[in-house]
Amino acid sequence: TTFTARAFQELDRAPVRVVPFPIPEPVSSGRRRSTFAPLADADDRFVFGVVFDHLSVTERKNPRGVIRAFKQAFTPNEGPVLVIKTLNAGLRWVEHEQLNAEIGDRDDIRLWDHHLPIADHHAFIESLDCLVSLHRSEGLGLHLAEAMWQAVPVIASRYSGNLDFMNDESSVLIDVEMVRVADGLSAYPPTARWAEPDLDQAASAMVAMAGDPRTATTVGLAGRDKMLQQTTPAEFAADVGRLLELG
């Protein structure tokens with residue numbers, strides 16, 4: 001992505017060229033929404049979802065930011081539901097319990113640590129009414145692209161790799177402020193900076209999305225159109241071929 005290329009360009013050792021690669025359309029298993037444990041009683045309630053792996057650095061993924069924005073947007077059991085879908089809670093139990101503490105007694109926020117086969121994973125995302133990622137940094141943001149392929153509207157941070165395939169027409173982008181990295185474990189140097197998304201803006205976006213089904217549908221379809229316009233496999237192969245010739 002353009003974002004990751006900048007890291008190499010700063011080394012100033014060799015030219016860096018960005019070759020956009022096609023993100024394939026996900027294949028869903030077709031599982032119904034009601035078959036997923038945290039969605040079994042969701043019925044026709046508007047469902048926001050967060051999907052991440054604790055091993056990808058929890059604070060980078062920033063699920064607590066989404067929980068706080070959701071709490072700001074909606075009173076308890078006002079209608080919408082937020083599902084935080086995680087992986088590897090057993091290996092990052094401290095971070096997982098911090099999420100439980102952040103949720104508190106909100107029954108409309110469900111924390112679900114569960115491994116799904118890839119086709120069921122795509123079906124789970126397809127079952128959401130909106131995918132939210134208030135990430136502090138993303139090299140690519142594959143799950144965001146996969147949601148867009150499935151016409152699921154996406155609310156995401158206006159920062160990093162996802163901006164190669166997301167814009168204000170195909171998604172809802174949340175403004176950020178660049179801050180010093182905190183709680184980044186050993187993955188980042190102490191001088192590193194990442195994004196802090198505007199939670200007030202995120203809360204307003206969630207209210208607007210849940211309050212107008214037409215908005216959700218329009219954003220979702222625009223996201224799918226954006227994915228249909230991306231680099232084709234043939235164009236990608238031609239670009240790689242040219243680079244190999246240069247080599």
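Colleague: Is Arg33 buried or exposed, and what is its relative accessible area?

Modeller: In this model, which is predicted, Arg33 is buried because its relative accessible area is 18%, and the cut-off for that word is under 20%.

Colleague: Which residue does the side chain of Arg33 meet in a salt bridge?

Modeller: The general idea is that side chains of opposite charge can pair when their charged atoms come close. In the case here, the side chain of Arg33 meets that of Asp129 in a salt bridge, at 2.6 Å from N to O. The pair links distant parts of the chain, 96 residues apart, with Arg33 in the loop between helix 1 and strand 1 (47-53) and Asp129 in the loop between helix 5 (118-127) and strand 4 (130-133). Asp129 counts as partly exposed because its relative accessibility is 26%.

Colleague: How many salt bridges does a search of the whole structure find, and which residues are joined into one network by salt bridges that share partners?

Modeller: The search of the whole structure finds 16 salt bridges. One of them is formed by Asp175 with Arg158, whose closest N and O atoms are 2.9 Å apart; this pair links distant parts of the chain, Asp175 lying in the loop between strand 6 (172-174) and strand 7 (176-180), and Arg158 in the loop between strand 5 (154-157) and strand 6. Asp175 is partly exposed at 35% relative accessibility, and Arg158 is also partly exposed, with a relative accessible area of 30%. As for the network, salt bridges that share partners join Glu59, Arg64, Arg136 and Glu196. Within that network, Glu59 forms a salt bridge with Arg64, their closest N and O atoms being 2.7 Å apart, and Glu59 is buried, with a relative accessible area of 11%.

Colleague: How much space lies in the largest pocket, and which element gives the most to its lining?

Modeller: Rolling a probe the size of a water molecule over the atoms shows where empty space is left. Here the largest pocket holds about 390 Å³ of space, and of the 15 residues that line it, Phe3, Ala7, Ser137, Tyr159 and Arg193 are the closest to its centre. Helix 1 gives the most to the lining, with 4 residues, while strand 8 (193-197) is also an element that supplies at least two. By kind, the lining residues divide into 9 nonpolar, 2 polar and 4 charged.

Colleague: Which residues make the nonpolar surface patch?

Modeller: Phe8, Leu11 and Val16 make a nonpolar surface patch of about 270 Å². Of these, Phe8 is found in helix 1 (residues 2-9), and Phe8 counts as exposed because its relative accessibility is 52%.

Notes. Residues numbered from 1 in each chain as written. Predicted model: local features only at pLDDT ≥ 70, side-chain atom pairs only at ≥ 80, totals over all residues. Heavy atoms only, no water. Patch = residues over 30% accessible without salt bridge, like charges linked within 9 Å, V, L, I, M, F, W, Y side chains within 5 Å. Areas by Shrake-Rupley, 256 points an atom, 1.4 Å probe, with all protein chains shown as cover. Salt bridge = Lys/Arg side-chain N within 4 Å of Asp/Glu carboxyl O. Buried < 20%, exposed > 50% of the residue type's maximum accessible area, 1.4 Å probe, protein only. 1 Å grid on protein atoms, 1.4 Å probe; cavity = no way out; pocket = protein on both sides within 12 Å on 5 of 7 lines; lining within 4 Å. Points joined across faces, edges and corners; volume = space filled by probe spheres on them. Nonpolar A, V, L, I, M, F, W, Y, C, P; charged D, E, K, R; others polar.
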